[in-house]
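Me: I am new to this structure and would like to understand the terms used for it. Could you show it and then take my questions in turn?

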Number of protein chains: 2
Amino acid sequence: MNPRVVEIAGSLIREVALKRRETTIDLGLGEPSLRPNGAHFEHAMRYIAKNGIKYTQNAGDPALREAIAAHYKYPGMHAVHNVCVTTGSQEAMYVTIKTLLDPAKDELLVVEPTFPSYLKMARLEGVLARGVGMSESDDFALDAQRILAAVNERTRAIVICSPNNPTGRVIHRDQAQQLVRGLESRGGDPVWLIHDEIYREQTFDEEAAYFAEYYPYTIVTNSVSKSNALTGLRLGWIIGPDAFVANAIKSHAWLTSCADTFAQQVALHVFMQPGGIHEHRTWYRTQFSGVLEALERSGLRYIKPEGSFYACVRLPDGVKSYDAALQLVQEHDVLAIPGVAFGELFDGWLRLSWVSRLRSVSEGIGRIGRYVTLLRGK
Amino acid sequence: MNPRVVEIAGSLIREVALKRRETTIDLGLGEPSLRPNGAHFEHAMRYIAKNGIKYTQNAGDPALREAIAAHYKYPGMHAVHNVCVTTGSQEAMYVTIKTLLDPAKDELLVVEPTFPSYLKMARLEGVLARGVGMSESDDFALDAQRILAAVNERTRAIVICSPNNPTGRVIHRDQAQQLVRGLESRGGDPVWLIHDEIYREQTFDEEAAYFAEYYPYTIVTNSVSKSNALTGLRLGWIIGPDAFVANAIKSHAWLTSCADTFAQQVALHVFMQPGGIHEHRTWYRTQFSGVLEALERSGLRYIKPEGSFYACVRLPDGVKSYDAALQLVQEHDVLAIPGVAFGELFDGWLRLSWVSRLRSVSEGIGRIGRYVTLLRGK
């Protein structure tokens, strides 16, 4: 068998999440607890009643590609051929890494702490990948100078998730501009920015920046999973410059042929509704305020989220996050994801997702607060 | 960018298929013209109205995995953990090749002529792959001795599509047993058989063999695409031995996370109905008889199909299949796929899919017959 596959670990996040019981307060898995809007599905049902469910073009239904391109209107990337529809943003990222980087010579830089998939995907592809850690003392703010300092001759692409999973930090406009200027001033082959915008509809900071608005060597991945409570639909996309997308479509075609035609119709209906992609925004804003209050009440040290639907809280020095997560789920019946799932750098932290009902989230945060107080007392 | 991606061609089949006009008789693309059974979708709608559309486990919904395992009942591979649900059989095959073969030393053998994806996938993975051609004088029968003669020290897996696309040939029990005995008698590391069973429900030959019934080192890929007119649903699976599937699930998890939850419910409903996977079988049998009559009437040399929904017809010596397919679509308004799309070995042939209405298929075959007669006269 392929040693790259044999050696790679499965998802630690999912491993921990499986320890959940019926009674457990679930601050674990990263999917909305909202229900999706049934109207999108009814549209897709009408479509397939009329048309059956045939393959679309490899890159996706042109109507959906056009709707996505027109919604985001990124300079130089707003036409049908700038979009490739994929099986969720997971395949979007996989195809991007596979297409963009030459395993023989290129290196991928991953801004950490972050979702572990990027490094795992690179490893599965035999692509050299390296994390660049943001500063804990700065609550892991996305910092242009730190990122630029880590770029070397082999670096051909940088992955940034903003709003970030797990920290909830977003890249601010001044930092984005500094990063772009720094990359542009290097000369030579461009260093690409891969912006994972999966939490874009959960952004709570006015300063949030989108690289594709500033920098032509940007590739965006996203999906309707988090915005519209459609995680299980597996419908995402890549937006990028023409030549890149033409190649990405080839990778995508040989990996999965095309995305699910039914799912594409669901997503098309989302984009056809004015504000469809934002339909859960109000709920998230209300929830966000309640979560901030619960965090304040808890006495925990936390990173003030600027986006995403996570909040991260600090464990006492020396406590391993995996051990703490196990104790919390087994003894306090609250599921949190250990920071180590996002790299060693984040082992002192827990990631709490706050998409369950607010009362339940508040109770969970309260239990973690009391648990940490107890640990400190020891 | 990754030179493996840049250098790889897109799908020639899809390129030719795009030349179709409104009026064209379509003997091109490989998808049923039947409509899917709406009851499967209504079940999925009820499921998501109740449960939303959350992620399933990476390997798929255990109920679906169990239903698939129980339906095929392959010896030693009939439990939940022997199945990984994928985004169509395309991802099933991709994940299988990625997981099974070590790019540093293993070689994949592909029984040709066949669907071009297998070789393309291997190339994208940097895995050495080689075709072993069946004999044209024997109408490309799947021949154990030819396959065995091509196995060398590096060969770790053999891909066989049976019923085969494009030839419609199936592997017969005597040949399957010879092949398995030959592989077993080699000693050393096992050579795996990857059986693409995608046209299993279009099998018209009593002698058709399924390797997983004879040989423990078999991996099966399949989907509901062709059996139930659900190509656009993108719902397939891998069946294999425990250790292999455990690793395949990891590849699959990092590539696409999990298959579409809605699509999994559609497939679950197919398997929940007695005979659900065979629901279009009668239609195919009737169609098959009509197509054989049309082929006989046409005067064309053809390979008698034993399965799939294709028939292959011979062009006069020296005629390039790509040129013939272009002339046919442009001047005779009938779309056929040039044999060269399945390798040089098959350049003298055209592949005709026969899933449109019988009258239309017969008319198309008639036009190709007259075209070939005309060419012969020149």
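Reply: What follows is a set of questions and answers on the two chains, their domains and some of their residues.

This is a predicted model, in which local features need pLDDT of at least 70 and side-chain atom pairs count only at pLDDT 80 or more, while totals for chains, interfaces and linings use all residues. Residues are numbered from 1 along each chain as its sequence is written, and chains are lettered from A and ligands numbered from 1 in the order in which they are written.

Me: What makes the relation between chain A and chain B that of a two-fold axis?

Reply: Copies are superposed by least squares on the C-alpha atoms of residues with pLDDT of at least 70 in both. Chain B falls on chain A after a rotation of 180 degrees with 0.0 Å of shift along the axis, and the RMSD is 0.0 Å. That is the relation of a two-fold axis. The same surface serves both copies, since 100% of the contact residues of chain B recur in chain A.

Me: How many residues of chain B are in contact with chain A, and which elements give two or more residues to that side of chain B?

Reply: Two residues are in contact if their C-beta atoms, placed from the backbone, lie within 7 Å, and by that rule 57 residues of chain B are in contact with 57 residues of chain A. The elements of chain B that give two or more residues to this side are α1 (3–7), α3 (38–51), α5, α6 (117–124), α9 (242–256) and α10 (261–272). Helices (H or I, at least four residues) and strands (E, at least two) are DSSP runs, numbered from the N terminus. By class, this side of chain B has 27 nonpolar, 19 polar and 11 charged residues, where Ala, Val, Leu, Ile, Met, Phe, Trp, Tyr, Cys and Pro count as nonpolar, Asp, Glu, Lys and Arg as charged, and the others, Gly among them, as polar.

Me: Why is α10(B) called largely enclosed by the rest of the structure?

Reply: A residue is buried if 20 or more other C-beta atoms lie within 10 Å of its own, exposed if 12 or fewer, and partly exposed in between, with C-beta atoms placed from the backbone. In α10(B), 10 of the 12 residues are buried, so this helix is largely enclosed by the rest of the structure. The buried residues, among them F262(B), V266(B) and L268(B), pack against α10 (261–272) of chain A together with α3, α4 (62–72) and β2 (83–86) of chain B.

Me: How do you know that the span of helix α5 of chain B agrees with what is expected?

Reply: The expected span of a helix is 1.5 Å times one less than its number of residues. The 13 residues of α5 (residues 88–100) of chain B should therefore span 18 Å, and the end C-alpha atoms are 18 Å apart, which agrees. As for burial, 13 of the 13 residues of α5(B) are buried, so α5(B) is largely enclosed by the rest of the structure.

Me: Why does L326(A) count as partly exposed, whereas A229(B) and R234(B) count as buried?

Reply: L326(A), which has its place in helix α12 (residues 321–331) of chain A, counts as partly exposed because it has 14 C-beta neighbours inside 10 Å. A229(B) counts as buried because it has 23 C-beta neighbours inside 10 Å, and R234(B) is buried, with 31 other C-beta atoms within 10 Å. A229(B) lies in the loop between β7 (218–223) and β8 (236–239) of chain B, and R234(B) is found in the loop between β7 and β8 of chain B. Phi is positive in each of these residues other than glycine, near 55 degrees for A229(B) and near 60 degrees for R234(B).

Me: What makes a set of residues a nonpolar core, and which residues have the most contacts inside the largest one?

Reply: A nonpolar core is a set of buried Ala, Val, Leu, Ile, Met, Phe, Trp, Tyr and Cys residues joined through C-beta atoms within 7 Å. The largest has 249 residues, and L350(A) and L350(B) have the most contacts inside it. Residues touched by L350(A) include C312(A), V313(A), A324(A) and I368(A).

Key: Lists of a residue's contacts leave out its neighbours within four places in sequence.
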